[in-house]
Amino acid sequence: MPEAPTTEPWAGTPPVPHALRPGAMPEAYMAKIAEGDERYWVPIVENVSSKPVWISPTLNMWADVLMATKPCIVNRHYHPKPIWAYTISGKWAYLEHEWTATAGDFIFEAPGESHTLVAYEHEDPMKVFFVVSGPLMWLNENGESVGHFDVFDYMELARTHYDAVGIGADYVDTLIR
Ligand SMILES: [Fe+2]
């Protein structure tokens with residue numbers, strides 16, 4: 001049961017019985033995903049890290065909070081699959097587009113797009129909630145593919161990091177749905 005109602009008009013309403021179908025996986029809940037213990041951010045490159053909040057090996061997808069603590073080129077890549085983004089704090093952009101995103105801004109990246117993600121100088125770190133479909137194809141400055149990164153690379157990186165910081169590699173398993 002969630003928190004008990006007080007004056008809410010739905011007080012007394014029962015939950016749906018048998019809410020979870022046999023074989024269905026339980027929901028994933030994580031409080032205050034952009035805050036807390038810094039060990040949960042997995043380093044990607046210098047000043048850039050990612051806190052996974054949901055991982056799906058079967059869909060080759062994940063959701064994370066991507067953080068850049070200093071202005072930098074976060075990375076340059078091509079997407080064969082779609083991406084959704086919601087800006088929590090800081091300022092960021094793709095060099096290939098007209099807009100500059102700050103807190104509250106939403107972006108959908110259509111499949112078939114290459115871009116260079118940059119973080120700006122700002123009083124707050126860049127924190128963006130991303131729902132990512134793998135793979136990302138890393139690009140050089142000419143837009144040529146020089147490598148790839150998918151959910152399996154992400155899980156390996158996260159397991160190694162969580163093991164090293166004392167959280168334990170198995171923490172990754174709790175994020176998988
Ligand atoms: Fe992207």
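Modeller: Let's start with a word we'll need: a residue is called buried when its relative accessible area is under 20%. In this model, which is predicted, histidine 77 and histidine 79 are both buried.

Colleague: What makes leucine 117 count as buried?

Modeller: Its relative accessible area is 3%, and the cut-off is under 20%, so leucine 117 qualifies as buried. You'll find it in strand E8, which covers residues 113-119.

Colleague: Which residues is leucine 117 in contact with, leaving aside neighbours within four places in sequence?

Modeller: Among them are Leu66, Val74, Trp92, Tyr94, Met126 and Phe130. Contact here asks for heavy atoms within 4.5 Å. As for tyrosine 94, its C-alpha atom is 4.7 Å from that of leucine 117, although 23 residues separate the two along the chain.

Colleague: What makes a group of residues a nonpolar core, and how many residues has the largest one here?

Modeller: The members must be buried residues of the nonpolar kinds, joined through side-chain atoms within 4.5 Å. The largest such core has 31 residues, and Leu117, Trp92 and Phe130 are among those with the most contacts inside it. Strands E2, E3 and E4 are among the elements that each supply at least two of its residues, while helix H1 gives the largest share, five residues. In soluble globular proteins, nonpolar side chains tend to be buried together.

Colleague: Why is the arrangement around the iron ion called irregular?

Modeller: The protein donors are His77, His79 and His115, each through NE2, and Glu109 through OE, at 2.0 to 2.8 Å from the iron. For a tetrahedral label all angles would have to lie between 85 and 135 degrees. The four donor atoms subtend angles of 72 to 161°, so that label fails and the arrangement is irregular.

Colleague: How do you know that strands E5 and E7 pair?

Modeller: Pairing needs at least two bridges. E5 (residues 83-89) and E7 share four, in the antiparallel sense, so they pass. Alanine 85, for instance, stands opposite isoleucine 107 in E7.

Colleague: And which side chains of E7 point to which face?

Modeller: Ile107 and Glu109 point to one face and are buried, whereas Phe106 and Phe108 point to the other and are not. That alternation is what a regular strand gives. Glu109, one of the iron donors, is also in contact with phenylalanine 130.

Note on methods:
Residues numbered from 1 in each chain as written. Predicted model: local features only at pLDDT ≥ 70, side-chain atom pairs only at ≥ 80, totals over all residues. Heavy atoms only, no water. Buried < 20%, exposed > 50% of the residue type's maximum accessible area, 1.4 Å probe, protein only. Donors = N, O, S within 2.8 Å, 3.2 Å for Na, K, Ca; no water. Tetrahedral: all angles 85-135°; square planar, octahedral: opposite > 155°, others 65-115°.
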